[in-house]
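Visitor: I would like a close look at a single part of this model, the surroundings of the ligand. Please take it step by step and then place it beside a few local features of the chain.

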Amino acid sequence: MVHMRSVEEHARAIADLLSSTEVGATTLTRAQGLVLGTDLLAPLDLPPFANSAMDGYAVRAADVQALPTVLPVTQDIPAGRTDVAPLQPGSAARIMTGAPLPPGADLIVQVERTDGGDRQVRIDSAPAPGTHIRAIGEDVHRGDVVLAAGTVIGAPQIGVAAALGYAELPLRRPLRTMVLSTGTELVAPGNPLEPGQIYESNAPMLAAALTAIHAEATIEHFVADDVNALRAGLDKAATGGHEAVDLIITSGGVSAGAYEVVKDALTGQGIEFAKVAMQPGMPQGAGRYRGIPMVTLPGNPVSSYVSFEVFLRPAIRAAMGHPDVTRPTVSAPLSAPLDSPAGKRQFRRGHLNTVDGTVAAWGGPGSHLLAWLAGADCMLVVPEDVTHLDAGEPVEVWLLG
Ligand code: AMP
Ligand code: MG
């Protein structure tokens, strides 16, 4: 048997092709899912000023010792007032949630403990001094590292950045990819199908998988099994100037038959084709086309998707600065026995039973079973040297999601 590349060897070859993307100022609306390139310091305190946590009355604790009492209301302070005067002893200020505390006040009496008056107010009861006051800097101190380099930006991180006044963040930019399918049998969805033709599904699927990890994906129109057509498609990616893509991903045309257009066009042209000891996804290729990193995936839809999960997803996430590049992985007992080919790492579509914690293979091993992939929620990983697992035996599970 010919020597096959291990999954790890091929994963390293692909990871080595990609350089880290640069850090650039990115608006908050484009920040989701990207990674912070440098520490983010707080340019101000949060809250930036002492303010009320309740709608009510700002008072001095000394003025509400004997209750009930009636105090004149000397100011009305809605949120947004920028000219708040000090609170004179023996008076109250009507105040709303988020409004600045008048200097001298040390307690907020909620409106529910009063008669709600606006010229004078009767206070029936009062909480302890300091109550319902949000102190300056209680959440963040100016100068603190509020988000560390390497943080993945999600909704809460965007929230705190905006609260600190940042309109842009220093983020690692998305990797720019081009996806190109090959196959004379392919027809774009939405068009009529002749006998012997199939709809092109790899490019939209891969583009969606790339977008889900916040990379940029451009779909180049698929090409027939024709070396010149393929070269013309690839050259579009290679001639994009400074906007050139960081990675070209093709599918199809790399296995052992005739008309393997990718192999025919690119063997000896900077792409190394290899058999990788895995199922599905054995025929693979990687290298550079006119200097641009390129990965050639097998054409079977499930092989293409599994190859993305195993090789591209971690490599791209690493290039985009993610601290954690793999899918969440657990070990779970099988609910039914499973066979696996000797000498190959098997990746099976799986289904996790969240009630009893067992997993099962979801559909057969065939790499054309795209609907079963669409129904799976995990991938089962069976090592190269394991050919059979009994029900109840643990298996490695990658949670897709
Ligand atoms: P290939 O690797 O080109 O020999 O393709 C292997 C199998 O995958 C064949 O059955 C192809 O028709 C199918 N296939 C290849 N590319 C695509 C694609 N983009 N969309 C759907 N099926 C494909
Ligand atoms: Mg083909």
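Which polar side-chain atom lies 3.5 Å from a nitrogen atom of ligand 1?

Guide: The model is a predicted one. The side-chain atom in question belongs to S181, and its partner is a nitrogen atom of ligand 1, at 3.5 Å. Two further contacts involve the protein backbone. A polar backbone atom of G253 is 2.8 Å from an oxygen atom of ligand 1. For N300, a backbone N or O atom lies 3.2 Å from an oxygen atom of the ligand. Taken alone, ligand 1 exposes 480 Å², and the protein buries 77% of that area.

The site itself comes next. Ligand 1 sits in the largest pocket. There are 16 residues around the ligand, and those that come nearest are E185, E200, S201, G253 and N300. G253 and N300 thus appear both in this nearest group and in the backbone contacts described above. Sorted by class, the shell consists of 9 polar, 4 nonpolar and 3 charged residues. Two strands, β12 (176–182) and β14 (198–199), each supply at least two residues of the shell.

Aromatic pairs are a separate matter. The structure holds 2 of them. One is formed by W362 and W372, with an edge-to-face arrangement: the centres are 5.5 Å apart and the planes make an angle of 75°. W362 lies in the loop between β24 (359–361) and α7 (370–375), whereas W372 is in helix α7 itself, so the pair ties together parts that are 10 residues apart in sequence.

The backbone also has some local features to inspect, beginning with cis peptide bonds. The bond from L67 to P68 is cis, with omega near -5°. P68 is located in the loop that runs between β4 (56–59) and β5 (69–77). Another cis bond leads from Q279 to P280, where omega is near 0°. P280 is placed in the loop between β18 (278–279) and β19 (283–289).

Positive phi values in residues other than glycine complete the list. H132 has phi near 65° and lies in the loop between β8 (120–123) and β9 (133–134). For R290, phi is near 45°, and this residue is found in the loop between β19 and β20 (292–297). Strand β19 therefore borders two of the loops described here, the one with P280 and the one with R290.

Note on methods
Residues are numbered from 1 along each chain as its sequence is written. Chains are lettered from A and ligands numbered from 1 in the order in which they are written. This is a predicted model: local features need pLDDT of at least 70, side-chain atom pairs count only at pLDDT 80 or more; totals for chains, interfaces and linings use all residues. Side-chain values use heavy atoms; hydrogens and water are left out. A residue is near a molecule or strand if one of its heavy atoms lies within 4 Å of it. A polar contact is a pair of N or O atoms within 3.5 Å; within protein, one must be able to donate a hydrogen and the other to accept it, and residues adjacent in sequence count only if both atoms are side-chain atoms. Accessible areas come from the Shrake-Rupley method with a 1.4 Å probe; for residues, only the protein chains shown count as cover. On a 1 Å grid over the protein atoms alone, a cavity is a set of points where a 1.4 Å probe fits but cannot get out, and a pocket is an open set with protein on both sides within 12 Å along at least five of seven lines; lining residues have an atom within 4 Å of a point. A molecule sits in a cavity or pocket if more than half of its atoms lie within 2 Å of its grid points. Helices (H or I, at least four residues) and strands (E, at least two) are DSSP runs, numbered from the N terminus. Ala, Val, Leu, Ile, Met, Phe, Trp, Tyr, Cys and Pro count as nonpolar, Asp, Glu, Lys and Arg as charged, and the others, Gly among them, as polar. Rings of Phe, Tyr and Trp (its six-membered ring) pair if their centres lie within 6.5 Å; planes under 30 degrees apart count as stacked, over 60 as edge-to-face and the rest as tilted.
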